[in-house]
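Dear colleague,

Please find below the structure that I am handing over to you for your further work. My account of what was found in it follows directly after.

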Amino acid sequence: MHWRNTNDQYGLIAQILHWLIVGLVIWQFVLGWRADELPVSMARLQLLATHKALGMTVLMVMLMRLVWRLLDGAPTIPPSRTRLLAKVTHYAFYMLLIAVPLSGWLLSSASNLSVSYFRLFTFPDLVGSSEELAGLFELVHETLTTALALLILLHLAAALLHQFYFRDKLLRRMLPVEVK
């Protein structure tokens with residue numbers, strides 16, 4: 001396994017960043033859904049504190065991934081009718097995986113609720129306290145999160161389609177092990 005990307009496969013660094021974000025995003029969805037189901041309580045506040053800290057982790061890992069992508073590039077997308085869709089999807093992922101945590105941070109700031117990083121330090125507020133802005137950022141955060149969920153489903157369906165229907169071994173590009 002190579003550390004850096006090759007023309008045919010993502011390297012170990014890109015794979016680690018990819019799968020770390022996958023795990024964090026799944027965890028984020030679970031925490032967000034669980035927190036929404038709870039009444040205002042200490043349990044809800046604790047879930048939301050973890051959700052915020054993990055959201056900031058997603059933001060930081062995505063910024064590292066973006067820098068790595070700019071430095072190392074990406075494997076070539078094989079020519080196909082869906083090549084443009086693949087490129088657009090990847091750009092949309094980068095945008096959403098940065099915009100969703102930013103919108104959550106803006107929501108917290110406007111709601112006058114600090115964003116603590118696992119009680120180690122607190123991120124500065126991006127905007128002042130404002131009910132109107134909080135409502136706007138809540139809508140933005142929920143809309144972007146829904147768009148991200150739909151994009152994840154599209155991406156997963158495409159990966160499975162390539163693996164099991166086209167059998168073009170495209171999925172192996174992001175896996176450290178060979179998939180048959």
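Of the 180 residues of the protein, 34% count as buried. Please note that this is a predicted model. The C-alpha trace spans about 50 × 30 × 25 Å along its principal axes.

The secondary structure consists of 4 helices and 2 strands. Read from the N terminus, the elements follow the order α-α-α-β-β-α.

Aromatic residues

The structure contains 7 aromatic pairs. One of them joins tyrosine 117 and phenylalanine 123 in an edge-to-face arrangement, with 6.1 Å from centre to centre and 85° between the planes. The angle exceeds the limit of 60 degrees, which is why the pair is classed as edge-to-face. Is each partner of this pair buried or exposed? Tyrosine 117 has a relative accessible area of 16% and is therefore buried, the cut-off being under 20%. Phenylalanine 123 is likewise buried, with a relative accessible area of 14%. Both residues belong to one aromatic cluster, which is formed by Trp105, Tyr117, Phe118, Phe121 and Phe123.

Surface patches

Two patches on the surface are described here, one charged and one nonpolar. The patch of negative charge gathers Asp36, Glu37, Glu138 and Glu142. Helix H1 (12-37) and helix H4 (131-166) are the elements that give two or more residues to the negative patch. Glutamate 37 is placed in helix H1. With a relative accessible area of 65%, glutamate 37 is exposed, since exposed means over 50%.

The nonpolar patch is made up of Ile26, Val30 and Trp33, which together have about 320 Å² of accessible area. Tryptophan 33 lies in helix H1, the helix that also holds glutamate 37. At 54% relative accessibility, tryptophan 33 counts as exposed.

Backbone angles

Which residues have a positive phi without being glycine? Two may be reported here, arginine 119 and arginine 167. They deserve mention because most residues other than glycine have a negative phi.

For arginine 119, phi is about 65°. This arginine 119 is found in the loop between strand S1 (115-116) and S2. Its relative accessibility is 76%, so arginine 119 counts as exposed.

For arginine 167, phi is near 50°. The place of arginine 167 is in the segment after H4. Arginine 167 also counts as exposed, at 61% relative accessibility.

The loop before H4

Where is serine 130 placed? Serine 130 sits in the loop between strand S2 (122-123) and H4. A relative accessible area of 22% makes serine 130 partly exposed, because this class covers values between the limits of 20% and 50%. Serine 130 and serine 116 are 14 residues apart along the chain, and their C-alpha atoms are separated by 19 Å.

To recapitulate, the aromatic cluster includes Tyr117 and Phe123, both of which are buried. Helix H1 holds glutamate 37 and tryptophan 33, which are exposed. The positive phi values reported belong to arginine 119 and arginine 167.

With kind regards

Terms used:
Residues numbered from 1 in each chain as written. Predicted model: local features only at pLDDT ≥ 70, side-chain atom pairs only at ≥ 80, totals over all residues. Heavy atoms only, no water. Patch = residues over 30% accessible without salt bridge, like charges linked within 9 Å, V, L, I, M, F, W, Y side chains within 5 Å. Areas by Shrake-Rupley, 256 points an atom, 1.4 Å probe, with all protein chains shown as cover. Salt bridge = Lys/Arg side-chain N within 4 Å of Asp/Glu carboxyl O. Lys, Arg positive; Asp, Glu negative; His and termini not counted. Charge placed at Lys NZ, Arg CZ, Asp CG, Glu CD. Buried < 20%, exposed > 50% of the residue type's maximum accessible area, 1.4 Å probe, protein only. Phe/Tyr/Trp six-rings, centres within 6.5 Å; stacked < 30°, edge-to-face > 60°.
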